[in-house]
Amino acid sequence: MTYTSFEFFVIYFGAAFLLYTIAPIKYKKYVLLLGSAFFYFVATRGHIFALIGSALITWISALLIQKQNDEFSSRKKDLEKAERKALKAKVNKRKGLICAAGVLLNLSILLVLKYSDFFVSSFGALCRIDVPELKFVQPLGISFYTLQAVSYIVDVNRGKYKAVKNPLDIFLYLSFMLTIVEGPVARFDELGTQLVSGKRLNFKDMQMGYQLIVWGLFKKIVIADRAAEFVNNVFDNPNKYSGFIVIAGILFYTLQLYCEFSGVMDVVTGLARLMGINLPQNFSRPFFAKSINEFWQRWHITLGAFLRDYVFYSISLSKPFMKLTKKARKRFNPYYANLIPTAFALFFVWFSNGFWHGAGWKYIAYGLYYYVLMMLALFLEPHFAKLCAALKINRKSKPYALFQILRTFIIVNIGMLIFRADNLKAAFVMLASMVKLDFSVLKVGTGNGLGLDLKDYGILIFGTGIIFLVSLLREKKIDIREKIYSLPFAVKFIGYLLAALLIVILGAYGDNYGIVDLIYANF
C-alpha cells in the first residue's frame with residue numbers, strides 16, 4: 001500500500017476525507033480512528049495486534065505515571081518541606097520505574113518482531129552453527145509508532161502534558177493513516193491533540209494542501225520512480241559496473257531517496273492539511289547543509305529530534321555521565337572535557353540511528369560511519385581552525401561555504417552507498433570499483449542495461465533542476481507557496497490544473513516502469 005496509489009487516494013483517504021468533512025466536530029476523531037484502523041487492518045492483512053498491544057501499554061503506562069503525579073499534587077500541600085521532598089523522591093522513583101517498564105515493553109515488541117532474526121543469525125554466525133529463522137511478521141510502521149509511543153510515555157513522565165484517559169485517543173495517535181507508514185515521528189502535542197480535537201475545513205487549508213500534494217507527487221512519480229530504474233540495475237549488479245556508472249548510480253539513489261521520502265512527506269502533509277491537521281516538518285533542504293550535523297538537522301528532522309531529546313539528553317544528563325563530565329574537566333581543557341562525555345552519548349545516538357533503519361550490520365555501519373566522521377571533525381576542530389588561520393582562509397566566506405556544502409554532499413553520498421548496497425561487502429566492492437574507467441554509460445538507451453532512455457534522462461535533468469531552483473528560493477527565505485496562494489484565483493486554478501497535467505504526462509508509470517514501493521515503509 002503506497003500513499004501515491006490510486007487505491008489509497010480514492011478508497012481509503014477519499015472515503016475518510018468525505019466522512020470527516022460532513023461529520024460534526026465531536027465525531028471527527030472517530031472517523032479518523034475507524035479510517036486508520038481499517039486502512040491498517042487491510043494493509044497488513046489483519047496483523048494489527050502488535051499495534052493494539054503497544055497502544056494499551058502506552059495508555060496504561062502514562063495513566064499510572066499520571067496517577068503518581070496526581071497523588072503527589074494532592075498530598076504535598078499538607079506536608080512540611082522535608083516530608084514533601086522525601087515524597088517527591090519516592091514518587092519520582094515510582095514514575096521512573098513505570099516509565100522504564102512502558103518504554104522497555106514497547107521496545108521489546110519492536111526488537112522481537114523486527115530484529116529477532118538478525119540476533120539469531122548473528123549468534124549462529126558467531127558460533128558457526130545453523131540456527132533456524134523465527135520468521136516473525138514485522139508489523140507495518142512498527143519503527144515509527146514505537147518511537148511515538150516512547151515519546152508519549154517519557155513526555156508524560158517529564159510532566160510535559162497530562163496523560164489522556166481515553167485509550168482510543170492513544171490508538172488514533174499511533175495508527176493515524178497518514179503517519180503510520182513513513183512518519184513523520186510526531187509528538188502527542190504536535191499531532192495527537194489535533195487528531196482528537198477536530199477542525200472545520202477552510203479554503204486556504206485546501207489550497208495549501210493541494211500544493212503540497214502535487215509537489216510531492218512530482219518528486220515521487222516523475223523523478224524518484226524514474227531514477228529507481230537506473231539505481232536498481234546498478235545496485236543489483238555490484239560486480240557488473242564500475243567507474244562513472246557506479247558514481248552515477250549512487251547519485252541517482254540519493255536523488256531517488258530524497259525525492260521519494262520528502263515527496264511522500266509532502267503528500268501526507270498535504271493530505272493532512274486538507275483536513276486542517278498540521279504535521280511536523282521532516283525535510284528542510286538538506287543538500288544545502290555545510291556539515292554532517294546540519295545535514296541531519298535538515299534530513300528526517302523528526303527522527304533526529306527524537307534521538308536528541310530521548311537518547312542524547314537522557315544519557316548525557318544522567319548521573320553517571322554528569323560525573324564523567326566532572327572528572328573530564330579536571331584532566332582536560334574545557335573543549336575536550338565537554339566533548340569526551342558528548343562522544344559517549346553520541347555513540348548511542350548514531351548506533352540507534354543506524355539500527356533503527358534496519359536489522360543488518362550495514363545499517364549499524366551506516367550509523368557509525370556518520371558517528372566516526374562527526375567525532376573526527378569535533379576532535380580536530382581546534383587544530384583545523386588554527387590551520388585555516390595560518391593559511392588565511394576565511395571560514396565565513398561564500399567560497400568556503402560552497403566547499404563545505406560540496407564536502408558534505410560527497411560524505412552523504414558515500415553514506416547512501418552503504419545504505420543502499422545489499423550488504424557491506426557489496427558496498428566495498430562498489431566503492432573500490434569507482435576508480436575504474438567505464439564509459440558504457442555514454443551509450444544512451446535501454447540497450448546499456450541501465451533501464452533509461454534519452455527522454456528519461458531529459459526528464460530527470462528537468463525535474464532535478466526544478467527542485468534545485470525551488471529549494472534555492474526557499475533557502476533564500478522566499479515563500480513560494482504563499483506567493484502562489486496570493487495570486488488571483490483564476491490564475492491559480494489554471495496553474496493547479498497544469499501542474500497535475502504535467503505529472504500525468506511525465507510520470508514514470510506504464511509498461512516500461514515497475515511498481516516502486518515506498519523505501520522507508522520497510523523501516
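1. Starting with the middle of things: the largest nonpolar core in this predicted model runs to 145 residues. Within that core, Tyr152 and Leu178 are the residues with the most contacts. Helix 9, covering residues 244–274, supplies the largest share of the core, with 18 residues.

2. Tyr152 deserves a look of its own. Setting aside neighbours within four places in sequence, Tyr152 is in contact with Thr58 and Ala62 on one side of the numbering, and with Tyr161, Lys162, Ala163, Val164, Ile170, Tyr173 and Phe188 on the other.

3. Next, a helix pair. Helix 11 (residues 301–316) and helix 13 (residues 334–357) have axes that come within 9 Å and cross at roughly 140°. An angle over 145 degrees would count as roughly antiparallel, so this crossing makes helix 11 oblique to helix 13. The crossing of helix 11 past helix 13 is right-handed.

4. Which residues in helix 11 and helix 13 meet? From helix 11 come Leu303, Leu307, Val311, Phe312, Ile315 and Ser316. Helix 13 answers with Thr342, Ala345, Leu346, Phe348, Val349, Ser352, Asn353, Trp356 and His357. Sorted by class, the contact between the two helices has 10 nonpolar and 5 polar residues, and no charged ones.

5. Staying with helix 11, try Ile301, which lies in that helix. Not counting residues up to four places away in sequence, Ile301 touches Gln281, Asn282, Phe283 and Ser284. Pro280 is also worth checking against Ile301: the two are 21 residues apart in sequence, and their C-alpha atoms are 8.8 Å apart in space.

6. His300 sits in the loop between helix 10 (292–298) and helix 11. Its backbone caught my eye: His300 has a positive phi of about 45° and is not a glycine. Most residues other than glycine have a negative phi. Is His300 buried or exposed? His300 has 0% relative accessibility, and the cut-off for buried is under 20%, so His300 counts as buried.

7. Arg45 also has a positive phi, near 55°, and again the residue is not glycine. Arg45 is found in the loop between helix 2 (25–43) and helix 3 (49–75). With a relative accessible area of 77%, Arg45 is exposed, whereas His300 is buried.

8. Thr44 belongs to the loop between helix 2 and helix 3 as well. Here the burial call goes the other way from Arg45: Thr44 counts as buried because its relative accessibility is 10%, while Arg45 is exposed. Thr44 and Gly141 are 97 residues apart in sequence, yet 10.0 Å apart in space from C-alpha to C-alpha.

9. Now the loop between helix 6 (167–175) and helix 7 (188–197), where Thr179 lies. Thr179 is buried, at a relative accessible area of 2%. Leaving out neighbours within four places in sequence, the contacts of Thr179 are Tyr3, Phe144, Gln148, Pro184, Leu191 and Leu279.

10. One of those contacts, Pro184, is in the loop between helix 6 and helix 7 too. Which form does the peptide bond from Gly183 to Pro184 take? That bond is cis, with omega near 10°. Most peptide bonds are trans.

Definitions and conventions: Residues numbered from 1 in each chain as written. Predicted model: local features only at pLDDT ≥ 70, side-chain atom pairs only at ≥ 80, totals over all residues. Heavy atoms only, no water. Axes fitted to C-alpha atoms, helices over the stretch in contact; angles between N-to-C directions. Helix = DSSP H or I, 4+ residues; strand = E, 2+ residues; numbered from the N terminus. Parallel < 35°, antiparallel > 145°, perpendicular 65-115°, else oblique. Left-handed = near helix turned anticlockwise from the far one by under 90°. Contact = heavy atoms within 4.5 Å. Nonpolar A, V, L, I, M, F, W, Y, C, P; charged D, E, K, R; others polar. Core = buried A, V, L, I, M, F, W, Y, C linked by side-chain atoms within 4.5 Å. Buried < 20%, exposed > 50% of the residue type's maximum accessible area, 1.4 Å probe, protein only.
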